[in-house]
Amino acid sequence: MGQEDRIRTFIHGFDEKLSGGIPAGSVLLLAGEPGTMKSTIAFNVLYQNALHDGRTGTYISLEQGRESLTRHLVGMGLSPKDVEAKVSIVDLGMIRRNLDGMAQRTWIDIFKMYASNLKRSLNYDILAVDSLPVLEVMAHFENPREDLFQLFEWLRDLRATTILISEMKPGSEDFGKNGEEFLSDGIIHLKMERVDDANIQRRIRCVKMRGTNHSPNYYTLIFQNGILQATRILAE
């Protein structure tokens, strides 16, 4: 990977604010409250990078079943079929539901086994994990900070750009309880903002991005006709 290799988010108007995109090989936190389109944004990165830049991707879902996720994406104009030669969706939630009786320690090993086997077979450039809090809960970390540090180091060793979706409580500025914000190379934060009595807007900002001169400001996130766009917030 070149020094300046960047993975574009394909959110129009936002990549320019990130000096061209996410530095390849980063572990990125995509954090936001419910309803902020985290899954859509993460899959959009895989989808558009496959279509436009020929990159391969893997989307590992720990919660939403494959069919329900596919239906959602098709509804958003991001049909997984368009990119099935380059992007695979893995439903680990199904395995997780069948795992109840097994030792919890096994769970993180199963996740790692799938992620590394797919890296060997598909050699994906981008990995999206939906979601980090579920992975943490399932893993039953004994020393959360230490175990999470090890997990982030393990993800870096995959030599892919990793997008970890993280659920936040509405109104919270807390990106994680085990030091996730310090461990990640970048954080993109999504939130809902009430603009008046009737209207709520989605907002997006880059909180941090290592090795990148980026804007820390919020932008309005608009999704229209299958296209994501970040625009300057107009003064109310």
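Modeller: Buried means under 20% relative accessible area. Exposed means over 50%, and partly exposed is in between. The model we are looking at is predicted.

Biologist: Why is N44 called buried or exposed, whichever it is?

Modeller: N44 has 1% relative accessibility. That value is under 20%, so N44 is called buried. N44 is found in helix α1.

Biologist: Which residues does N44 touch, leaving out those up to four places away in sequence?

Modeller: N44 touches T9, F10, N49, L78 and L228. Heavy atoms within 4.5 Å make a contact.

Biologist: What makes K86 buried, partly exposed or exposed?

Modeller: The relative accessibility of K86 is 36%. That lies between 20% and 50%, so K86 counts as partly exposed. K86 is found in the loop between α2 (66-75) and β5 (87-91).

Biologist: Which residues does K86 touch, again not counting those up to four places away in sequence?

Modeller: K86 touches A50, G54, R55, T56 and G57. As for I60, it is 26 residues from K86 along the chain, and the two C-alpha atoms are separated by 14 Å.

Biologist: R55 is among the contacts of K86. What makes the pair R55 and D5 a salt bridge?

Modeller: A side-chain nitrogen of Lys or Arg must be within 4 Å of a carboxyl oxygen of Asp or Glu. The side chains of R55 and D5 meet at 3.4 Å, N to O, so the pair counts as a salt bridge. R55 lies in the loop between α1 and β4 (57-61), and D5 lies in the segment before β1 (6-7), so the salt bridge ties together parts that are 50 residues apart in sequence.

Biologist: Why do R55 and D5 count as buried, partly exposed or exposed?

Modeller: R55 has 15% relative accessibility, which is under 20%, so R55 is buried. D5 has a relative accessible area of 24%, which is between 20% and 50%, so D5 is partly exposed.

Biologist: How do you know that R8 forms a salt bridge with D53?

Modeller: The closest N and O atoms of R8 and D53 are 2.9 Å apart. That is within 4 Å, so the salt bridge criterion is met. R8 lies in the loop between β1 and β2 (22-23) and D53 in helix α1, so this pair ties together parts that are 45 residues apart in sequence. R8, at 33% relative accessibility, counts as partly exposed. D53, at 31%, also counts as partly exposed.

Biologist: What makes E193 and K191 a salt bridge?

Modeller: Their side chains meet at 2.8 Å, N to O. Being within 4 Å, the pair qualifies, so it is called a salt bridge. E193 is partly exposed, with a relative accessible area of 25%. K191, at 18% relative accessibility, is under 20% and therefore counts as buried.

Biologist: How many salt bridges does the structure hold?

Modeller: The structure holds 8 salt bridges. Salt bridges that share partners join E153, R156, D185 and R210 into one network.

Biologist: Why is the space lined by T9 and I11, among others, called a cavity?

Modeller: In a cavity a 1.4 Å probe fits but cannot get out, whereas a pocket is open. The structure holds 1 cavity of 30 Å³ or more, and about 50 Å³ of space lies in the largest cavity. T9, I11, L28, L30, I41, A42, V45, I163 and I188 line this cavity. The largest share, 3 residues, comes from α1, and β3 (27-32) and α1 (38-53) each supply at least two residues.

Biologist: What is the lining of the largest cavity by class?

Modeller: It has 8 nonpolar, 1 polar and no charged residues. Thr is not in the nonpolar or charged lists, so T9 counts as polar.

Biologist: What is the volume of the largest pocket, and which residues line it?

Modeller: The largest pocket has a volume of about 280 Å³. P133, E136, S166, E167, M168, K169, S172, D174, F175, G176, K177 and E180 line it. The elements that give two or more residues to this lining are α5 (132-139) and β7 (161-167). By class, the lining has 3 nonpolar, 3 polar and 6 charged residues. Gly counts as polar, so G176 is in the polar class.

Biologist: How much space lies in the second largest pocket?

Modeller: About 220 Å³ of space lies there. Of the 14 residues that line the second largest pocket, the closest to its centre are G35, M37, K38, S39 and E167. The largest share of that lining, 3 residues, comes from α1. By class, the lining has 3 nonpolar, 7 polar and 4 charged residues.

Conventions:
Residues are numbered from 1 along each chain as its sequence is written. This is a predicted model: local features need pLDDT of at least 70, side-chain atom pairs count only at pLDDT 80 or more; totals for chains, interfaces and linings use all residues. Side-chain values use heavy atoms; hydrogens and water are left out. Helices (H or I, at least four residues) and strands (E, at least two) are DSSP runs, numbered from the N terminus. Buried means under 20% relative accessible area, exposed over 50%, partly exposed in between (1.4 Å probe, protein chains only). On a 1 Å grid over the protein atoms alone, a cavity is a set of points where a 1.4 Å probe fits but cannot get out, and a pocket is an open set with protein on both sides within 12 Å along at least five of seven lines; lining residues have an atom within 4 Å of a point. Grid points are joined across faces, edges and corners, and a volume is the space filled by probe spheres set on the points.
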